[in-house]
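I opened this entry to keep track of what I looked up, residue by residue. The order follows my own reading of the model.

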Amino acid sequence: MPSYTVTVATGSQWFAGTDDYIYLSLVGSAGCSEKHLLDKAFYNDFERGAVDSYDVTVDEELGEIHLVRIEKRKYWLHDDWYLKYITLKTPHGDYIEFPCYRWITGEGEIVLRDGRAKLARDDQIHILKQHRRKELESRQKQYRMENLFINRFMHMFQSSWSDFADFEKIFVRISNTISERVMNHWQEDLMFGYQFLNGCNPVMIRRCTELPQKLPVTTEMVECSLERQLTLEQEVQQGNIFIVDFELLDGIDPNKTDPCTHQFLAAPVCLLYKNRANKIVPIAIQLNQTPGEENPIFLPSDAKYDWLLAKIWVRSSDFHVHQTITHLLRTHLVSEVFGIAMYRQLPAVHPIFKLLVAHVRFTIAINTKAREQLICEYGLFDKANATGGGGHVQMVQKAMQDLTYASLCFPEAIKARGMDSTQDIPYYFYRDDGLLVWEAIRTFVAEVVGIYYEDDQVVEEDQELQDFVRDVYMYGMRGRKASGFPKSIKSREKLSEYLTVVIFTASAQHAAVNFGQYDWCSWIPNAPPTMRAPPPTAKGLVTIEQIVETLPDRGRSCWHLGAVWALSQFQENELFLGMYPEEHFIEKPVKEAMARFRKALEAIVSVIAERNKHKKLPYYYLSPDRIPNSVAI
């Protein structure tokens, strides 16, 4: 009678093993086997990290093996199991791999296909078509997208700090780090300007091509800041003026959840100047959108504390936009949209599923945790942030109007803000490193696409792929035509770009705006999560005492510090870009493409390390060895 050798690999993570009964049956082209209990006498099967082999004898020839069915039944108590893969040695000596890489919970059954990636057109056998369809039907019941973006969204600590030095009581001082340098230099204009290029929100700054009417600044106002004997308009024409506009915050309701603490928001417009040393410095700040006598334009030539408080208001506004839009909406929630669409529309055997699954790892889980602990009612946003109590939801609703496909294409986004010239803007490391990583991802993705799609027609005719793209458009972007998200993809080039957007957003973009939070936001005056007094309406009245009273109280400062510390940490056993320990792909050409991808990433690591060697403020957030594969924190 034919005999098969079945090798079963259990995961190595905590609690991956099981004492439950595990049954296996084989489904082949010529028939199905009986259910076999995988058990060895006097042996503890399926221990954590174990690779166990079993001989399975069947009554008759099964033909080509299409599926492996695994059943888990309770032994004593329910005992979850993480199955990595199953390898089958056939009676003819062939080896077939069946990747799983998932938890089997309760008394469950899973059906595995072999690891070769297949488009729907490649499945001509009824049982494989049926398996493909049932897998998607099950996932579409499990993963839903309704209202994904905006759905579900301390008296003893309310004393003020004494002065700026008092903030050091909760500040974790680590020598020779960026956070310590921020603490020592946060009041300087150079440090203020640098953060718009290479801080944790480097996506707001844009080249100013025309002075906005809502900011009636004149050459006379900023003359002492200009270094080229040109008028302000001439500096604009020469490309030396930049702008950061927090218009999004205009009209957002401040947090009113705590009746004992008034909290305030502003919507500043900040004008910046590239000096002759090619450094970016602020030259004018207006704290609200509508000009007028009670909305003065603050200048570097004003009194010291007038100018300092204006900059603090900008830093606080930048923090709010960073947390809610740059970080939450444009990485976490967008990646969740891609992940849910993938699970709903692409079966595990599809090559695009195999390509993307590592880049949505834990994303839905971490976002669920955020909804339950951070952005929920009485969550951290309500406790510590001026946008809590519903303001953050208003922000997301407004920002959705500007969430476009082009804005997620890194090179296009940089160019749209006029920030693409390395000669004109030489110290924009976020741009430089991001372009290197984008190109490495795009090259790798194009190789994988080329392996499975021999021409554009195959792309266009892949209905599962088209359903995936349409799901993102219809449910994630609510069918909003202005978003520019494609409803379908008709070429290999566009498919490669689309998949690059998915992977770059989940990996590099998230790393760039997440892991620098402790560096740049732990010194509270540099990134206040709330302000306890309204923006000043006149010049010459600000005192140091007023600034300290405006900054967050002790309780909110502690909540904030704990949050930015936690958000800046890597996961235990983090998987970084280019690492694919779960072998969903078994084909040699894809494995070779992965090896080339890793080599390209290693070269980028070397380039960044060499540049950072002697820098007091190194930029390393986009070094591939610090970019996790997915949004998981």
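I looked up Arg 556 first and found it buried, with a relative accessible area of 2%, where buried means under 20% relative accessible area, exposed over 50% and partly exposed in between, with a 1.4 Å probe and protein chains only. The model is a predicted one, in which local features need pLDDT of at least 70 and side-chain atom pairs count only at pLDDT 80 or more, while totals for chains, interfaces and linings use all residues. Residues are numbered from 1 along each chain as its sequence is written, and side-chain values use heavy atoms, with hydrogens and water left out.

**Salt bridges.** I used the rule that a side-chain nitrogen of Lys or Arg lies within 4 Å of a carboxyl oxygen of Asp or Glu, and the count came to 31 salt bridges. In one of them the side chain of Arg 556 meets that of Asp 258, at 2.9 Å from N to O. This pair links distant parts of the chain, 298 residues apart, with Arg 556 in helix H19 (residues 554–567) and Asp 258 in the loop between strand E11 (241–245) and strand E12 (269–274); I took helices (H or I, at least four residues) and strands (E, at least two) as DSSP runs, numbered from the N terminus. Asp 258 is buried as well, at 10%.

I then noted the salt bridge of Asp 424 with Arg 207, whose closest N and O atoms are 3.7 Å apart. Here too the pair links distant parts of the chain, 217 residues apart, Asp 424 being in the loop between helix H12 (410–416) and helix H13 (429–452) and Arg 207 in strand E10 (residues 206–207). Asp 424 is partly exposed at 30%, whereas Arg 207 counts as buried at 18%.

For Lys 591 and Glu 583 I recorded a salt bridge of 2.9 Å, N to O. Salt bridges that share partners also join Arg 113, Asp 123, Arg 132 and Glu 464 into one network.

**Buried positions.** Which residues does Leu 495 touch, not counting residues up to four places away in sequence? With contact meaning heavy atoms within 4.5 Å, I listed Val 449, Tyr 453, Val 459, Leu 465 and Ile 489. Leu 495 is found in helix H16 (residues 492–514), and its relative accessible area is 0%, so I entered it as buried. I also wrote down that Leu 495 and Val 469, 26 residues apart in sequence, are 9.7 Å apart in space, C-alpha to C-alpha.

Ser 225 lies in the loop between helix H4 (219–222) and helix H5 (232–237), and is buried at 15% relative accessible area. With residues up to four places away in sequence left out, Ser 225 touches Tyr 273, Ile 283 and Pro 300.

In helix H2 (residues 178–185) I found the buried residues to be Ile 178, Ser 179, Glu 180, Val 182 and Met 183. Their cover includes helix H3 (189–198) and helix H17 (517–521).

**Surface.** Last, I looked at Trp 76, which lies in the loop between strand E6 (65–73) and strand E7 (81–89) and is exposed, with a relative accessible area of 68%.
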